[in-house]
Amino acid sequence: MMKRLISAGRVPAMLLCAGTMLTPAHAAAPAAAVPAASSAPAACKGTIYLTFDTGSQSQAQLIADVLNKRHIKATFFLANEKTTRGDYSLDPSWAPYWKARVAEGHAFGTHTFDHLYWKKDMANGLIQVKPQFGKDGGKLASFTDQQFCEELRRVDTRFQELTGHKLDPFWRAPGGYTSPRTLAAGSACGYQHAGWAPAGYSGDELPSDKYPNAMLLKKALANLRSGDIFISHMGIWSRKEPWAPANLDALISGLQDKGFCFATLREHPAYAQKKGQP
């Protein structure tokens, strides 16, 4: 996958350091092409789209607090992932958290219910996947297009049970791994895939001894441009120096100092035209 990115000239500069090639899933995943943002308000020099994928949820409240303090609306992509509280991110115990984010006006997409990694499109028309969680976590499975669609919709159903609110009509593949069949399956059931810009990869999954927060922040501030979709997580189990406490507020402040504003993917030109699901 990384070789394909290199050959296409799409490896973000922030993912290369001292000639070392990175291998985590999100670093290797192909970033979706992101159109230029529509004209920003007169007071803004451009627009950045902050997005957060569920994870360990260790930084969930801090992220909410920073966004509230800065009056920023973001987009959250939800999967039912194991959290540092010992529950799962779409358990009823998380209903108050998600209800509060809905009330604040954030946007929400599906990240597949069991954090489903695409493996390959099979010759028999099926999609080979590997869920990270759920009863079949860690096992390969073969899905029809309809089964893949249902995996996306399971998040929507649970989110409505927790909040009374439907998801927005977009999804994000775990690891960013997509295929023609998964993209078509998502589109057929009303969800458009939302990747991220090369400069928008936060690096929060990378080892903090090699990629300290100060380095990641400096690269993001230097490379982000108007229209870019930025991705980080609501907590990463493996990173010893969590990204969000040190970098989120500083990133927003630094981008605002450069004249950038922020919006949800509802306002992004690639997704704004899709206001509802079938």
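A residue counts as buried when its relative accessible area is under 20%, as exposed when it is over 50%, and as partly exposed in between. Phe77 and Phe170 are both buried by this rule. The model they belong to is predicted.

**Overall make-up**

The protein has 8 helices and 10 strands. Of its 278 residues, 53% are buried. Contacts reach far along the chain: among those between residues at least 6 apart in sequence, 73% join residues at least 24 apart.

**Aromatic pairs**

A pair of aromatic rings is described by the distance of the centres and the angle of the planes. The protein holds 12 aromatic pairs. In one of them, the ring centres of Phe77 and Phe170 lie 6.0 Å apart. Their planes meet at 55°, so the pair is tilted. Planes would have to be under 30 degrees apart to count as stacked, or over 60 to count as edge-to-face. Phe77 sits in strand β2 (residues 75-78) and Phe170 in strand β7 (residues 170-171). The two are 93 residues apart, and the pair links distant parts of the chain.

Aromatic residues also gather in a cluster. Phe52, Phe76, Trp94, Tyr97, Trp98, Phe108 and Phe159 form it. Two of its members, Trp98 and Phe159, recur in the helix contact described next.

**Helices α4 and α5**

Two packed helices are described by the angle between their axes and the distance between the axes. Helix α4 covers residues 95-104, and helix α5 covers residues 145-163. Their axes are 9 Å apart and cross at about 90°. Angles of 65 to 115 degrees count as roughly perpendicular, and α4 and α5 are therefore roughly perpendicular to each other.

Which residues of α4 and α5 meet? From α4 come Ala95, Trp98, Lys99 and Val102. From α5 come Phe159, Leu162 and Thr163. By class, this contact has 5 nonpolar, 1 polar and 1 charged residues. Lys99 is the charged one, because Lys counts as charged. Thr163 is the polar one, because Thr is in neither the nonpolar nor the charged list.

**Salt bridges**

Side chains of opposite charge can pair when their charged atoms come close. The count of salt bridges comes to 12. Three of these pairs are listed here, with the distance between N and O atoms.

| Salt bridge | N to O distance |
|---|---|
| Asp249 and Arg70 | 3.0 Å |
| Lys135 and Asp136 | 2.9 Å |
| Arg158 and Glu161 | 3.6 Å |

Asp249 and Arg70 link distant parts of the chain, 179 residues apart. Asp249 belongs to helix α8 (residues 243-257), Arg70 to helix α3 (residues 60-70). Arg70 is partly exposed, with a relative accessible area of 25%.

Lys135 and Asp136 form another bridge. Lys135 is exposed, at 74% relative accessible area. Asp136 is partly exposed, at 32%.

Arg158 and Glu161 pair within helix α5. How many residues apart are Arg158 and Glu161? They are 3 residues apart, which means about one helical turn separates them. Is Glu161 buried or exposed? Glu161 is exposed, with 57% relative accessibility. Arg158 is partly exposed, at 23%.

Some salt bridges share partners. They join Lys69, Arg70 and Asp249 into one network.

Note on methods. Residues numbered from 1 in each chain as written. Predicted model: local features only at pLDDT ≥ 70, side-chain atom pairs only at ≥ 80, totals over all residues. Heavy atoms only, no water. Salt bridge = Lys/Arg side-chain N within 4 Å of Asp/Glu carboxyl O. Helix = DSSP H or I, 4+ residues; strand = E, 2+ residues; numbered from the N terminus. Buried < 20%, exposed > 50% of the residue type's maximum accessible area, 1.4 Å probe, protein only. Axes fitted to C-alpha atoms, helices over the stretch in contact; angles between N-to-C directions. Parallel < 35°, antiparallel > 145°, perpendicular 65-115°, else oblique. Contact = heavy atoms within 4.5 Å. Phe/Tyr/Trp six-rings, centres within 6.5 Å; stacked < 30°, edge-to-face > 60°.
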